[in-house]
Amino acid sequence: MNNAFATAGVQVEIGSNIDAPVELVHIATDAEARTIATRHSIAVTDGASATLFETHLGEGDYLSNSVIDVTLGTGARLDRVKLEIESREAIHLAHALIKLGTSAILRDFTLTSGARVNRQNGTISFTGEKSDAKIAGSYLLSGKQHADTRLLIDHRVPKCTSREVFKCVMDERARGIFQGKVVVQRDAQKTDGKQSSHGLLLSESAEFDAKPELEIYADDVVCGHGATSGDIDHDHLFYLCSRGIPDAEAKSMLIGAFVAEAFDTISHDSVRRELARFAEKWLSSRKDATQ
């Protein structure tokens, strides 16, 4: 679909260390129902580093179809942060294709809070030894929103490390899905791969589905996965309320602490603070809705 409909995109090559974030902002204006397709190509060359801040927002009824193709050279580093806050009438489809060269470092975080239907695919491929990737994400969903993440980590070469951490919050009738698959190829000895996904359900009608997968063909590896879902810990809530903290504020504190682990993977301080403020506003809106 993206190849058929793509009409815009950027091609960026980063050849040095850049301190300020590079921003890709996608804005859909209010108009008739339509498809908007973009395709980007990002290359971080040998020894270079950068932060990429990708934002998707808009108004009205539309389908957003976005593909980003990223290549990291030898010793390169990329901190990628994606903020998906599309219109609540929109559909968001996305695929990130990322290849890591030798000794490359990837820090990837996605915050999903917009669109009525959301499907994000990620394919992370290790093509050089001693590379390290940390992929994290968080859902903040309410109403009848549906968010689906499918992530494939492909360990093709030895001595690489991958970590996946997803912290997802669903309220009302929202549904979150996470399917993560780690593949360790036959030659990828000394692989270290771990995956965890956790869903916090704020209502009885909210839903979180997790499908962690490991497919291992090598014999000298350290791999594991885990998944949980449930309500707020009422013992913790009671503890805070017994100290004089109002119930709504106590819940906001616990939810904020729950998603903090995923946010901590963002190394750029100003970006992390901005996203934390966004999460605080979302939590405040949920508190107002329940009063």
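User: Why is Thr-191 called buried?

Analyst: Its relative accessible area is 1%. Buried means under 20%, exposed means over 50%, and partly exposed lies in between (1.4 Å probe, protein chains only). The value of 1% falls under 20%, so Thr-191 counts as buried. This is a predicted model, where local features need pLDDT of at least 70 and side-chain atom pairs need 80 or more, while totals for chains, interfaces and linings use all residues. Residues are numbered from 1 along each chain as its sequence is written, and side-chain values use heavy atoms, without hydrogens or water.

User: Where does Thr-191 lie, and what is it in contact with?

Analyst: Thr-191 lies in strand 14, residues 191-201. Strands are DSSP runs of E with at least two residues, helices are runs of H or I with at least four, and both are numbered from the N terminus. Contact means heavy atoms within 4.5 Å. Leaving aside neighbours within four places in sequence, the contacts of Thr-191 include His-155, Lys-159, Cys-160, Asp-220 and Cys-223.

User: What makes the link between Thr-191 and Ala-188 a polar contact?

Analyst: The side chain of Thr-191 reaches the backbone oxygen of Ala-188 at 2.7 Å. A polar contact is a pair of N or O atoms within 3.5 Å; within protein, one must be able to donate a hydrogen and the other to accept it, and residues adjacent in sequence count only through two side-chain atoms. The 2.7 Å pair is within 3.5 Å, so the distance qualifies. Another case stands at the start of helix 2, residues 234-242. There, a side-chain oxygen of Asp-233 comes to within 2.9 Å of the backbone nitrogen of Asp-235.

User: How do you know that Cys-160 is in no disulfide?

Analyst: A disulfide is a pair of cysteine sulfur atoms within 2.5 Å. By this rule the count is 0. For Cys-160, the nearest cysteine sulfur belongs to Cys-223 and is 12 Å away. That is not within 2.5 Å, so no disulfide is assigned. Cys-160 is also buried, at 0% relative accessibility. Cys-168 is buried too, with a relative accessible area of 0%.

User: Why is Lys-159 called partly exposed?

Analyst: Its relative accessibility is 43%. This lies between the 20% and 50% limits, so Lys-159 counts as partly exposed. Lys-159 sits in the loop between strand 11 (146-155) and strand 12 (161-170). Its phi is near 60°, a positive value in a residue other than glycine. Most residues other than glycine have a negative phi.

User: Which loop holds Glu-172, and what is its phi?

Analyst: Glu-172 is in the loop between strand 12 and strand 13 (175-184). Its phi is positive, about 55°, although Glu-172 is not a glycine. At 35% relative accessibility, Glu-172 counts as partly exposed.

User: How do you know that strand 3 and strand 5 pair?

Analyst: Two strands pair if DSSP finds at least two bridges between them. Strand 3 (residues 35-44) and strand 5 (residues 63-72) have 10 bridges, in the parallel sense. So the rule is met. Within this pairing, Ala-43 stands opposite Thr-71 in strand 5. Both strands belong to an open sheet of 8 strands, in the order 1-3-5-7-9-11-13-15.

User: What makes strand 1 and strand 15 edge strands?

Analyst: Strand 1 (11-14) and strand 15 (207-216) each have a single partner strand, so one side of each has no neighbour in the sheet.

User: What is the order of the other open sheet, and which strands are its edges?

Analyst: That open sheet also has 8 strands, with the order 2-4-6-8-10-12-14-16 and parallel pairing. Its edges are strand 2 (22-28) and strand 16 (221-230), each pairing on one side only. Inside the sheet, strand 8 pairs with strand 10 over 8 bridges. Thr-110 stands opposite Gly-137 in strand 10. Strand 8 is mostly covered, with 7 of its 8 residues buried.

User: What makes a set of residues a nonpolar core, and how many residues has the largest one?

Analyst: A nonpolar core is a set of buried Ala, Val, Leu, Ile, Met, Phe, Trp, Tyr and Cys residues joined through side-chain atoms within 4.5 Å. The largest has 40 residues. Leu-72, Leu-100, Leu-106, Ile-124 and Met-170 have the most contacts inside it. Strand 10 (residues 132-141) gives the largest share, 4 residues. Apart from this core lies another, of 25 residues, including Phe-109 and Leu-237.
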